[in-house]
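Subject: Structure handover

Hello,

Here is the structure I said I would pass on. Please open it beside this message and follow the notes below in order.

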Amino acid sequence: MPQSTHDFVEKYLRETAEIALATSPEDMARVIEILFEAYRNDRTIYTCGNGGSAANASHLACDIAKFTWVEGKRRFKCTSLCDNAALLSALTNDVGFNRIFLEQLDGRLGAGDVLVCLSVHGGSGADRAGPWSQNLVAAADFAKRSGAKVVALVGYDGGALRQMADASVIVPRTRAGYTSTPHVEGFHEVYHHLICERLLQLVAES
C-alpha cells in the first residue's frame, strides 16, 4: 500500500530530530573557533559549493557578513565564490569547471584566511559529468598550500573534503542508517544559522 503523505511527513520529521541530536557539538565548536579566529586576526572567509550547496554558500556568506554585526565592533570579512555568474562562466569556458573556485582564490587568498566548502558528498561519487565536486577539492588543496584554513560542511562519508579540512561537520545518518541530499543540504542551513548565532555572541563579548 502506498505511503500516505501524513506518514511521509511524520517519518521525515522524526529523521530530522534524530540527525539533530546526533550532530557532533565538538565538531561544531571547532568550526566556530576557526571562523572566529579569522575574525580576531582580521582575515577573510570565502565560501563555495555546487548546486543547492552553492545557494547555501551564498546564504552563509551573507549571514557571516551581515547577521554578525555588532554596533561599534569591527565586521567580518566574508564573500561567496558562487555569486558572479559572468565570472563563473568565463572561468568554466577558459580553464574548466574544476578550477572555478581555485582561480578566484589565486592572488587574493592569504595565510590565515578560511575557505568554507559546502558539499553533500564531499567530493566522493560521480555522475555523467565525472567525479562530483572536484572544483571544491581543488580549491581546498590550493587553500591548504596557501596557508589558509579549510572548513567543510558535508554529508554521507564526508569524502575528500572531510579528510582535507582543518575542521568539518558531517550530517549524521539516522539511527536506521538513512541519509539523503535534502537532509544534508537542509542541515547545512541549520548548522550555518547556529554558527552565525554563536559568532554574533562572540563578537559582542569581544
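Cys48 is buried, with a relative accessible area of 0%. Cys117 is buried too, and its relative accessible area is also 0%. Please keep in mind that this is a predicted model.

Why is there no bond between the sulfur of Cys48 and the closest cysteine sulfur? The closest one belongs to Cys117 and is 3.9 Å away, which is too far for a bond. A disulfide is counted here when two cysteine sulfur atoms are within 2.5 Å, so this pair does not qualify. Seen from the other side, Cys117 is in no disulfide, and the nearest cysteine sulfur to it is that of Cys48. The count of disulfides by this rule is zero. As background, a disulfide is a covalent bond that joins the sulfur atoms of two cysteines.

Next, the sheet. Five strands make up an open sheet, and their order is 2-1-3-6-7 with parallel pairing. At the edges are strand 2 (77-80) and strand 7 (167-170), each of which pairs on one side only. On average, neighbouring strands of this sheet are turned by 15 degrees against each other, direction ignored. In general, the strands of a sheet pair through backbone hydrogen bonds, and the pairing can be parallel or antiparallel.

One pair to look at is strand 3 (residues 114-118) with strand 6 (residues 149-154), which are joined in the parallel sense over five bridges. In this pair, Leu118 stands opposite Leu153 of strand 6.

Two helices lie across strands of the sheet. Helix 3 (residues 52-66) lies across strand 1 (44-49), strand 2 and strand 3, and runs at about 160 degrees to strand 1. Helix 8 (residues 181-205) lies across strand 3, strand 6 and strand 7, and runs at about 130 degrees to strand 6.

Helix 8 also packs against helix 1 (residues 5-22), at an angle of about 55 degrees and with the two axes 11 Å apart. That angle makes helix 1 oblique to helix 8. Which residues make the contact? From helix 1 they are Tyr12, Glu15, Thr16, Ile19 and Ala20, and from helix 8 they are Pro182, His183 and Phe187. The crossing of helix 1 past helix 8 is right-handed.

Regards

Key. Residues are numbered from 1 along each chain as its sequence is written. This is a predicted model: local features need pLDDT of at least 70, side-chain atom pairs count only at pLDDT 80 or more; totals for chains, interfaces and linings use all residues. Side-chain values use heavy atoms; hydrogens and water are left out. Two strands pair if DSSP finds at least two bridges between them. Helices (H or I, at least four residues) and strands (E, at least two) are DSSP runs, numbered from the N terminus. Axes are lines fitted to C-alpha atoms, for helices over the stretch in contact, and angles run from 0 to 180 degrees between N-to-C directions. Contact means heavy atoms within 4.5 Å. Buried means under 20% relative accessible area, exposed over 50%, partly exposed in between (1.4 Å probe, protein chains only). Angles under 35 degrees count as roughly parallel, over 145 as roughly antiparallel, 65 to 115 as roughly perpendicular and the rest as oblique. A crossing is left-handed if the near helix is turned anticlockwise from the far one by less than a right angle, and right-handed if clockwise.
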